[in-house]
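Student: Could you take me on a close look at the nonpolar core of this one? I'd like to hear who sits in it and what surrounds it.

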Amino acid sequence: MPRRPASPDPRPVRPTHGEAIAARLAEDIVAGLMKPGTPLDEMALAKSFGTSRTPVREALRQLAPTGLVQVAPRRGAVVAIPDSTQLGEMFLVMAELEAMAAALCALAMTPDQRRSLERQHLAMAAMVRMADVGAYRAANVAFHHLLYLGAHNGYLLEIATATRRRLAPFRAAQLEAPDRLRRSHEEHGAILLAIQRGDAAGAATRLRAHIGVTEQTWTSMAAALHQPSAA
């Protein structure tokens, strides 16, 4: 009599301690809570997570291939800062992906999706007035994700989300620049208006400009951070 195949184990596979720490660090980096260039000291992280250095070391090794963390021999790990050429290439691809999403939104977004985007934009106005950078960061991710969904292209959603995650630390950090919240919200308003009008070319142009300003703002901030302080 043939043996019946074993039924799959219904119990969920629990992540290792190192995997759990890696997930938490990735969330904090992507959310902008840990800025590019921040040292990731194993001892301090172990104390913070109430563990030994071994799972922390495992977590940092797991994060290195994602591009969120850079590990240098004898120098330790830091939140990644790609070189200017690589970062420029990443922003260029991001701009084109999101421009494509915005153009498709102008043609394919459903009425319900447009209303959701409008509500998100209106909610973000209050965050700008209160200068609530933390809330605006999270809402900004949601705003752009609504654009990806509104494009109605599954592959674009996949690659745009992955590329945004890679650039998330820089997009989050630049929102702390003076007057950036207000200007970002105005840029969103121009994108939204073009989508509402069904202007695919205009939506794409305004989205490219929005990402261009984001890149320029981060570049200026990074340059200021590397300038020697006055004596």
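Tutor: Sure, and keep in mind that this is a predicted model. The largest nonpolar core has 36 residues, and those touching the most other members are Leu 87, Leu 117, Tyr 136, Leu 147, Leu 167 and Ile 195. At least two residues of this core come from each of helix 4 (84-108), helix 5 (111-129), helix 6 (133-150), helix 7 (154-173), helix 8 (180-196) and helix 9 (200-226). Helix 4 gives the largest share, nine residues.

Let's zoom in on Leu 147. If you skip its neighbours within four places in sequence, Leu 147 is in contact with Ala 101, Cys 105, Leu 117, Ile 195 and Leu 207. Apart from this core there's another one, made of 17 residues, with Ile 21, Ala 22, Met 34 and Ala 59 among them.

Now for the aromatics: the count comes to one aromatic pair. The partners are Phe 170 and Trp 218, arranged edge-to-face, with 5.3 Å centre to centre and 65 degrees between the planes. Since Phe 170 belongs to helix 7 and Trp 218 to helix 9, the pair ties together parts that are 48 residues apart in sequence. Both Phe 170 and Trp 218 are buried.

One last stop is a glycine. Gly 67 sits in the loop between helix 3 (53-63) and strand 2 (69-72). At a relative accessible area of 14%, Gly 67 counts as buried, because the cut-off for that is under 20%. Not counting residues up to four places away in sequence, Gly 67 touches Ala 80 and Arg 166.

Note on methods. Residues are numbered from 1 along each chain as its sequence is written. This is a predicted model: local features need pLDDT of at least 70, side-chain atom pairs count only at pLDDT 80 or more; totals for chains, interfaces and linings use all residues. Side-chain values use heavy atoms; hydrogens and water are left out. A nonpolar core is a set of buried Ala, Val, Leu, Ile, Met, Phe, Trp, Tyr and Cys residues joined through side-chain atoms within 4.5 Å. Buried means under 20% relative accessible area, exposed over 50%, partly exposed in between (1.4 Å probe, protein chains only). Helices (H or I, at least four residues) and strands (E, at least two) are DSSP runs, numbered from the N terminus. Contact means heavy atoms within 4.5 Å. Rings of Phe, Tyr and Trp (its six-membered ring) pair if their centres lie within 6.5 Å; planes under 30 degrees apart count as stacked, over 60 as edge-to-face and the rest as tilted.
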